[in-house]
Amino acid sequence: MTQNRPWIPYLLILPSVAFLALLFVVPLVQTIWLAVSDNGVPSLANAERMVTDINFTRSVKNTFLLTIVVVPVQIAIALAMGTMVAKVGRGRETILWIWTIPLGISDLAAGLVWLSILQNTGYFNSLLFSLGVIGRQASWLSYQTPVALFIAIAVAEIWRGTAIVMVIIVAGLNQVPKEFKEAAEIFGAGPWTRFWRITLPLIRPALQSALILRTVLAFEVFAVVYALGGRNFPVLVGEAYNWQNQNQNYSVAAAYAVLIMIISLAATLIYLKALKVDPERLP
Amino acid sequence: MANIVIDRIRKSFGAFQALKEVSLTINDGEFVSLLGPSGCGKTTLLRIIAGLETSTSGDVRIGDRSIIGLVPKDRGLAMVFQNYAVFPHMTVYENVAFGLRMQKADDARVKAQVEKAAGLLHIEPYLDRYPNKLSGGQRQRVAVARALAVEPKVLLMDEPLSNLDALLRLEMRTELKTVLQSAGTTTIYVTHDQTEAMGLSDRIAVMHNGVVEQIGHPVEIYNHPATRFVGGFIGNPPMNFIKVPVSNGQVAAGAEQLATPKDVGNEIVLGLRGEAVELAPLPQGLEMKVRVAEPMGSHLLLTGSIHDQPVRVILPASETVKSGDTIGLKLDSKRITWLSPESGKSFPAVLA
Ligand SMILES: Nc1ncnc2c1ncn2[C@@H]1O[C@H](COP(=O)(O)OP(=O)(O)OP(=O)(O)O)[C@@H](O)[C@H]1O
Ligand SMILES: [Mg+2]
């Protein structure tokens with residue numbers, strides 16, 4: 001039927017394409033133009049203003065540090081969770097469901113949850129006090145305790161963002177037929193060898209997807225940081241937000257946005273290259 | 001010593017009994033085939049021996065040591081999986097080398113063993129390739145090579161040649177037999193293919209519905225099946241079963257009287273191999289109505305009935321019998337198996 005009317009598929013696709021073009025491509029082009037122009041002429045003034053700002057180096061450093069710490073921990077935890085749940089027979093669905101609860105919590109809410117735990121009058125201090133570890137309220141989230149603040153943010157991020165990695169990895173593990181592990185076991189591979197030499201290579205595509213997704217999201221970290229540390233822990237998106245709202249300078253905010261985009265694209269490219277998935281070697 | 005003793009193994013999946021008290025003893029260096037229809041529990045039994053599945057009850061001993069509590073890698077055996085399980089992310093070379101690498105063999109030995117196994121299975125041209133690019137039969141041979149490369153004491157093979165063409169299968173099976181025999185490997189070989197089982201095995205175990213119906217030398221199983229199932233499953237055409245009346249401990253076959261075992265009822269089942277007959281004039285011979293006569297070149301296949309029960313017999317190609325004829329047959333009394341009509345089990349051979 002559609003052979004006589006070849007335009008039908010296009011017609012059906014049109015609304016979604018138009019929607020994306022309107023709400024994604026146009027703002028993207030506008031943002032890029034905003035970032036690299038000054039009063040309507042191409043200019044690097046915004047970029048210069050961005051990099052010379054006192055918070056710029058710190059925000060770049062913090063964002064990268066957070067990504068480098070959080071993403072590997074999340075992958076490791078997700079792998080551990082995935083392999084553990086694979087051994088479970090009954091109740092598997094329930095365990096997975098509980099583990100994915102953080103997925104349903106917005107990042108700001110997650111930040112507030114951890115704030116209620118870690119603030120001066122929070123649950124953590126109450127616990128330490130009742131155990132006699134501290135004599136009076138300790139502060140964890142102030143600019144005087146940068147290490148504690150960093151750890152708190154990292155823990156909150158790990159808590160919030162591991163579920164999505166786990167979902168991808170569990171899906172990947174489900175794709176690996178158990179015969180491969182069994183064959184390895186017969187031929188003398190112990191649990192670690194099986195994990196490193198059989199399981200890990202076989203879930204490479206899932207691992208790659210999880211890494212790309214999580215890393216891109218990690219570079220966009222904001223709400224959790226904002227809830228826990230405010231401006232004590234500057235990150236890239238936070239700076240964009242400040243330039244936009246506090247300083248009302250949309251151009252420098254746009255420059256930050258473009259920078260984040262470039263970093264994300266570069267990270268994606270690196271993963272695609274480094275973890276190249278050779279279709280020939282898939283099951 | 002690597003004899004295998006399978007002692008009253010049971011396996012249930014929920015309410016379903018896949019294995020119902022299977023006992024088997026396989027001697028050191030012996031080649032035993034497990035033969036049986038699809039779903040009878042052959043793979044399940046192998047997986048229990050390998051330690052990939054836990055049995056519901058029973059024991060498995062190798063070299064008189066119970067291995068039932070050991071993890072697979074401590075059982076000292078190799079296995080060829082029914083669906084190959086060749087690692088897709090390793091080259092054929094690394095696949096074949098896998099077991100040796102796990103044993104931390106040095107490179108020289110790995111190379112020598114891989115080349116030997118690959119040569120035997122004619123997979124040298126593919127050593128640098130990935131399994132995904134190989135045909136099913138090629139992958140299957142990689143799986144066999146991987147198992148042979150470690151020179152196991154005990155080798156479990158689950159239909160290892162099922163995907164090869166007839167010619168290659170014949171060649172591989174002869175080579176396998178030679179290698180395993182000279183290495184003295186104790187082998188359990190699962191197959192659907194009865195000619196393969198007959199040709200390769202020291203003994204055949206015929207399985208049916210989770211039970212070993214009979215274990216014995218191929219010729220013994222062929223000539224004296226322990227049950228009706230075994231007689232019907234082995235041989236082409238299958239054994240004929242004719243229910244006949246017994247009077248005074250004898251069964252009339254035309255003019256001839258055949259002695260039955262002692263203490264049978266009024267009826268007995270006569271198990272007759274299609275080729276254990278020769279043409280005889282009527283009325284001395286046993287009457288057979290021929291429905292279809294098929295000249296096969298090497299022999300003549302007759303389908304018809306005796307005592308109104310369906311039979312298939314084989315005569316020399318030189319005989320001239322046509323569809324629709326009624327003929328007389330003389331039965332070779334030494335090759336008759338008597339079976340109980342109730343239990344379907346055979347009586348011990350009657351000594352003439
Ligand atoms: N994990 C399992 N859960 C439930 N039932 C199973 C399981 N594994 C096997 N079975 C059942 O046990 C029976 C025996 O299976 P098995 O794989 O041992 O058969 P098989 O003799 O190897 O057959 P084939 O010749 O087709 O390979 C089958 O009826 C099968 O459905
Ligand atoms: Mg099977």
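The shell around ligand 1 divides into seven polar residues, four nonpolar and two charged. I start there, and I should say at once that this is a predicted model.

In total, 13 residues surround ligand 1. The closest are B:Ser38, B:Lys42, B:Thr43, B:Thr44 and B:Gln82. In terms of secondary structure, strand S2 (16-26) and H1 of chain B each supply at least two residues of that shell. H1(B) gives the most, with three residues.

Now the polar distances to the ligand. B:Ser38 places a polar side-chain atom 2.5 Å from an oxygen atom of ligand 1. For B:Thr43, a side-chain N or O atom is 2.6 Å from an oxygen atom of ligand 1. For B:His192, the corresponding distance, again from a side-chain N or O atom to an oxygen atom of ligand 1, is 2.8 Å. As for burial, ligand 1 taken alone exposes 640 Å², and the protein buries 63% of that.

Next, the interface. How many residues does each chain bring to the contact? Chain B brings 25 residues and chain A brings 22 residues. The area buried between the two chains is about 2200 Å², and carbon and sulfur atoms give 67% of it.

Between chain B and chain A the count is one salt bridge. B:Arg47 forms a salt bridge with A:Glu182, where the closest N and O atoms are 2.8 Å apart. Three residue pairs are found in polar contact across this interface, both residues being at pLDDT 80 or more. On the chain B side, helix H1 (42-50), strand S6 (77-80), helix H2 (92-102) and helix H4 (136-149) each supply at least two of the residues that touch chain A. By type, the chain B side comprises 17 nonpolar, four polar and four charged residues. H1 therefore appears in both parts of this talk: it supplies residues to the side that touches chain A and to the shell around ligand 1.

Last, some backbone geometry in chain B. Most residues other than glycine have a negative phi, and most peptide bonds are trans. Which peptide bonds would I check against that? The bond from B:Asn236 to B:Pro237 is cis, with omega near 0 degrees. B:Pro237 is in the loop between helix H8 (228-233) and strand S11 (240-245). The bond from B:Leu282 to B:Pro283 is also cis, with omega near 5 degrees, and B:Pro283 sits in the loop between strand S15 (277-280) and strand S16 (286-295).

On phi, B:Asp64 is not a glycine, yet has a positive value of about 65 degrees. B:Asp64 lies in the loop between strand S4 (57-62) and strand S5 (65-66).

How values were computed:
Residues are numbered from 1 along each chain as its sequence is written. Chains are lettered from A and ligands numbered from 1 in the order in which they are written. This is a predicted model: local features need pLDDT of at least 70, side-chain atom pairs count only at pLDDT 80 or more; totals for chains, interfaces and linings use all residues. Side-chain values use heavy atoms; hydrogens and water are left out. Contact means heavy atoms within 4.5 Å. Buried area is the accessible area (1.4 Å probe) that two parts lose on being put together, summed over both. A salt bridge is a side-chain nitrogen of Lys or Arg within 4 Å of a carboxyl oxygen of Asp or Glu. A polar contact is a pair of N or O atoms within 3.5 Å; within protein, one must be able to donate a hydrogen and the other to accept it, and residues adjacent in sequence count only if both atoms are side-chain atoms. Helices (H or I, at least four residues) and strands (E, at least two) are DSSP runs, numbered from the N terminus. Ala, Val, Leu, Ile, Met, Phe, Trp, Tyr, Cys and Pro count as nonpolar, Asp, Glu, Lys and Arg as charged, and the others, Gly among them, as polar. A residue is near a molecule or strand if one of its heavy atoms lies within 4 Å of it. Accessible areas come from the Shrake-Rupley method with a 1.4 Å probe; for residues, only the protein chains shown count as cover.
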